[in-house]
Amino acid sequence: MKKQGIVYLVGAGPGDPGLMTIKGRELLASCDAVVYDHLASEHFLGWVPGTCRKLYVGKQAGRHSMKQEEINELLVTLALSGLTVVRLKGGDPFVFGRGGEEILALEAHKIPYVVVPGVTSAVAVPECAGIPVTHRAVSRSFHVITGHMREGGECLPPDFENYGSLPGTLVFLMGLGQLPAITQRLITGGKSPDTPAAVIERGTLPGQRVVRAALSRLHDAVQREGIRTPAVIVVGETAAYDMKCSALRPLSGIRVGITGTEQFAGRLTRALEAQGAQVSWVLDMKVISHAESAPMKDAYKNLEQYTWIVFTSANGVRLFFLGLRAAGRDYRSLGHVKFAVIGEGTGRELERYGFQEDYMPDSYCAEALGQGLCGILTPADRLLIARSKGGSPVLTRLLGQAGILFDDIPLYEVKGSSVNDSSVNNSPANDSPADKTETLDYLTFASASGVRAYFERMDSIGMPSWLPDAKMVCIGDITARELERSGHKAHITASSYHIGGLVQAIIDHAALSSSKS
Ligand code: SAH
């Protein structure tokens, strides 16, 4: 029997991915298709299964990409073909979301559906700008009003002046284009021209802006600031409040682009998001193993001739041990060997295989590793350096000068590809690298090979690699030096070489910049 399709109408909240419900997120994680609007944050696309169809039907002011009837039809077709569909809508599905119309279409075809409420921008956007929609003894009600009559409609309803006599807080959605008429007709209807008012652009999202002015001066202020959609207009005594969201985390509103392998990017994303940052994964990096290359095969065969093995990354450790098994050898072939690692992360990875390092330099850099090794090795030693292709020449130069024998063998290389290269649909969430990088505040790098992969990738797709507005953040000195070698400046280098250090460095820098501005 054919699987029964179902449609979940899910509210995505006002924009900040953290403001979507758990239920909504769980449904996204298991759906076959997601049909979504422009306002929903792009982050949810990372929450759907890889096989999920992503269909963008959003409307942007002045540009209607799909008619409501066509959206209804699309939902019906998807559900009738047996799919579990999430219809994701900005804010709450029933607050000017046209959710009702979609439901009627589903009912007409006897398609089961479930509505999952969302956090509406009508309340959350003013709230995140410090404006409560009600306040004891000040505002005993709030009214959510549309500033948009019908598709292409210009004018407000004839009885609009009546809103001017409403007590409490007036919240207008989709009203920015009608702002002069709204303010003027509210005043005609009885609101004092001095009533506090505010307009909030991109509430809860990076780049949120708030303009406050008395009702009669609101339009001028908005024009002066060049405020654009999406925006919420608030009129009433509470608009004078500025109850700063104490839940604001140190990186709230800050956009961070990250580069790295899927596993690393996932961990870094979680750490940054926990601090409130908006994270875009700009460059996916694949680690390609050369453990089965002829030089590595020889090295595995001749392990007995080495007295030391040198690792300069956790990836190197992991791939070395994978390759060891594939080469038909086991840990006994390493019993006589000493290990040198470049830093703690590499040492920790080595420990996972049951080995402790014999040497680790005090500072995480190829130079310190080389100098340290030269101090303890003799010409009788023979080293295997199993590391990333194109690793720092400093290490081998120092060893060579000291007359120490070594084999420097590329164990892996790192290649970059833009995330979402295989396009989905016409979605704005399926951003090109340009869309992703253009508005970044920070761009992070976590390895020298990552830096190289980034520049190679940007070069190969003809994109500028230098982002004038973004600060380049490096996890450590080696990464920073590689960036400098590419002719760029590392604005920030983390003082401890791990994800926590990277996140802290951005927090410190952001705090410093905001105290300056
Ligand atoms: N169902 C949605 C509203 C849809 S109407 C909800 O419950 O929030 C779209 C309007 O919502 C926009 O024109 C704007 O007025 C408002 N809006 C939605 N998200 C917003 C945001 N992040 N910042 C400012 N306004 C927003």
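This report describes the domains, two sheets, two backbone features and one pocket of a predicted model.

**Domains**

The chain is divided into four parts: domain 1 (6–119), domain 2 (122–240), domain 3 (255–287 + 439–515) and domain 4 (290–416). Domain 3 is thus written as two segments, 255–287 and 439–515. Between the centres of domain 1 and domain 2, taken over C-alpha atoms, the separation is 27 Å. Contact between these two domains involves eleven residues of domain 1 and 13 residues of domain 2.

**The parallel sheet**

An open sheet is built from five strands in the order β3-β2-β6-β1-β7, with parallel pairing. Its edges are taken by β3 (53–56) and β7 (113–116); each has a single partner strand, so one side of each is left without a neighbour in the sheet. On average, neighbouring strands are turned by 15° against each other, direction ignored.

Within this sheet, strand β1 (residues 6–11) runs parallel to strand β6 (residues 84–89), and six bridges join the two. Opposite Ile-6 stands Thr-84 in β6. Helix α2 (residues 68–80) packs on the sheet, where it touches β1, β2 (33–36), β3 and β6. Helix α3 (residues 99–108) also packs on the sheet, touching β1, β6 and β7.

**The mixed sheet**

A second group of five strands forms an open sheet in the order β8-β9-β12-β10-β11, and here the pairing is mixed. β8 (142–146) and β11 (209–214) are the edge strands, each pairing on one side only. From one strand to the next, the twist averages 20°.

β8 pairs with strand β9 (residues 169–173) in the parallel sense, over five bridges. Phe-172 in β9 is the bridge partner of Ile-145. Helix α4 (residues 121–128) lies across β8, β9, β10 (196–201) and β12 (231–235). Helix α6 (residues 218–225) lies across β10, β11 and β12.

The table gives the angle of each helix to one strand of the sheet in question.

| Helix | Strand | Angle |
|---|---|---|
| α2 (residues 68–80) | β6 | about 155° |
| α3 (residues 99–108) | β1 | about 170° |
| α4 (residues 121–128) | β12 | about 80° |
| α6 (residues 218–225) | β11 | about 150° |

**Backbone features**

Most residues other than glycine have a negative phi, and most peptide bonds are trans. Lys-110 has a positive phi, near 55°, and is found in the loop between α3 and β7. Thr-229 and Pro-230 are joined by a cis peptide bond, with omega about -5°. Pro-230 is placed in the loop between α6 and β12.

**The second largest pocket**

The volume of the second largest pocket is about 1200 Å³. Its lining holds 49 residues, of which Ser-313, Ala-314, Asn-315, Ala-446 and Tyr-497 are the closest to the pocket centre. By residue class, the lining divides into 20 nonpolar, 17 polar and twelve charged residues.

Helix α10 (residues 344–352) contributes five residues, the largest share of the lining. Domain 3 (255–287 + 439–515) and domain 4 (290–416) each supply at least three residues to the lining of this pocket.

Terms used. Residues are numbered from 1 along each chain as its sequence is written. This is a predicted model: local features need pLDDT of at least 70, side-chain atom pairs count only at pLDDT 80 or more; totals for chains, interfaces and linings use all residues. Side-chain values use heavy atoms; hydrogens and water are left out. On a 1 Å grid over the protein atoms alone, a cavity is a set of points where a 1.4 Å probe fits but cannot get out, and a pocket is an open set with protein on both sides within 12 Å along at least five of seven lines; lining residues have an atom within 4 Å of a point. Grid points are joined across faces, edges and corners, and a volume is the space filled by probe spheres set on the points. Helices (H or I, at least four residues) and strands (E, at least two) are DSSP runs, numbered from the N terminus. Ala, Val, Leu, Ile, Met, Phe, Trp, Tyr, Cys and Pro count as nonpolar, Asp, Glu, Lys and Arg as charged, and the others, Gly among them, as polar. Domain bounds come from an automatic or database domain assignment. Two strands pair if DSSP finds at least two bridges between them. Axes are lines fitted to C-alpha atoms, for helices over the stretch in contact, and angles run from 0 to 180 degrees between N-to-C directions. Contact means heavy atoms within 4.5 Å.
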